[in-house]
Amino acid sequence: MNRPRSRRALLTSVSATVAVATGGFEYASNATDTPPLESGTVSADWYECSSVTRPEPTAPTNDDALAPKPYPAPPSTMGPAATRDRSTGSSPSDDEPVAYVTEFERAYRQNEFLARYGTTTRAFELRRTDYRTRTLGSSSKPAILVAIRYDLRLGTQQSATGPRDQWDVHTVYYVDEHVVLRAQYNGVADELSFKPDPRTHGELVACFG
């Protein structure tokens, strides 16, 4: 269970993951208690680093077993401050945050799978197929939204028919110099979008103090 955020202590002591039937996504924040967004960025004091929630499985004792994947270090730059919206393509300013989010999601999903199935895990593969970015904030307080779509292959020793595939998984991240927020879309979307918005419907998965 998450520990309360600093600004949420008087309003709620529970942070739960909720599946929203009408929107097709899951989130871990209270819709009536969302952070104030200054120029699109989250206030630095809204979250406590002790409230980070992400899969952290223990290392297996079997040397041949799939090991937990370390979460990546934060990107050194958030790109230019001008707000933009870019679809899949090559852009030097996009490369680092997109690579960071992709690697973070790969670690998150692998660790989530290991936490559930442990040493019986025999297959894990995440392949990104699309992305979009939107830079927020100012040069003194940069932030970025990154939406990614990917295919996932998962398998365990108990899988009678071999690894199973999941296609077009859609997650959205908010990243700034203080926090990383994650939200996952649980439906089937025709277009890759920034919904659910992790700033208001996400969970805190990394914090840099």
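## Reading a predicted fold together

Modeller: Let's start in the loop between β8 (179-185) and α2 (198-201), where proline 196 is found. Keep in mind that this is a predicted model.

Biologist: Happy to start there! Which peptide bond is cis?

Modeller: The one that runs from lysine 195 to proline 196, where omega is near 0°.

Biologist: Before I go on, how do I read the confidence? What is the mean pLDDT of the protein chain?

Modeller: The mean is 77, and 71% of the residues reach 70 or more. Confidence is highest in β9, at 97, and lowest in strand β1 (residues 18-20), at a mean of 35.

Biologist: Over which residues does pLDDT stay under 50?

Modeller: Residues 1-32 are one such stretch, and the model gives them 72 contacts beyond four places in sequence. Residues 79-84 also have pLDDT below 50, with 18 contacts beyond near neighbours in sequence.

Biologist: Now the strands. What is the general idea for side chains in a strand?

Modeller: In a regular strand, side chains alternate between the two faces of the sheet. In this structure, look at β5 and β6, which form a hairpin with two residues between them. They run antiparallel and are joined by 16 bridges. For example, aspartate 130 has arginine 149 of β6 as its bridge partner.

Biologist: And which strand pairs with β6 over eleven bridges?

Modeller: That is β7, again in the antiparallel sense. Here alanine 147 is bridged to valine 172 of β7. β6 is mostly covered, with 14 of its 16 residues buried.

Biologist: Which residue of β7 has an unusual backbone angle for me to inspect?

Modeller: Try aspartate 168, which sits in strand β7. Its phi is near 55°, a positive value in a residue other than glycine. Aspartate 168 counts as partly exposed because its relative accessibility is 47%, between the cut-offs of 20% and 50%.

Biologist: Finally, the interior. How many residues are in the largest nonpolar core?

Modeller: It has 23 residues, and those with the most contacts inside it include Tyr100, Phe104 and Tyr173. Two or more core residues come from each of α1 (92-117), β5 (121-138), β6 (141-156), β7 (164-176) and β9 (203-207). The largest share, seven residues, belongs to α1. A second, separate core of 14 residues includes Tyr47, Ala143, Tyr174 and Val179.

Biologist: What is tyrosine 173 in contact with, leaving aside its neighbours within four places in sequence?

Modeller: Its partners include Val101, Phe104 and Tyr108, along with Ile144, Val180, Pro198 and Val205.

Technical notes: Residues numbered from 1 in each chain as written. Predicted model: local features only at pLDDT ≥ 70, side-chain atom pairs only at ≥ 80, totals over all residues. Heavy atoms only, no water. Core = buried A, V, L, I, M, F, W, Y, C linked by side-chain atoms within 4.5 Å. Buried < 20%, exposed > 50% of the residue type's maximum accessible area, 1.4 Å probe, protein only. Helix = DSSP H or I, 4+ residues; strand = E, 2+ residues; numbered from the N terminus. Contact = heavy atoms within 4.5 Å. pLDDT = per-residue confidence, 0-100. Pairing = 2+ DSSP bridges.
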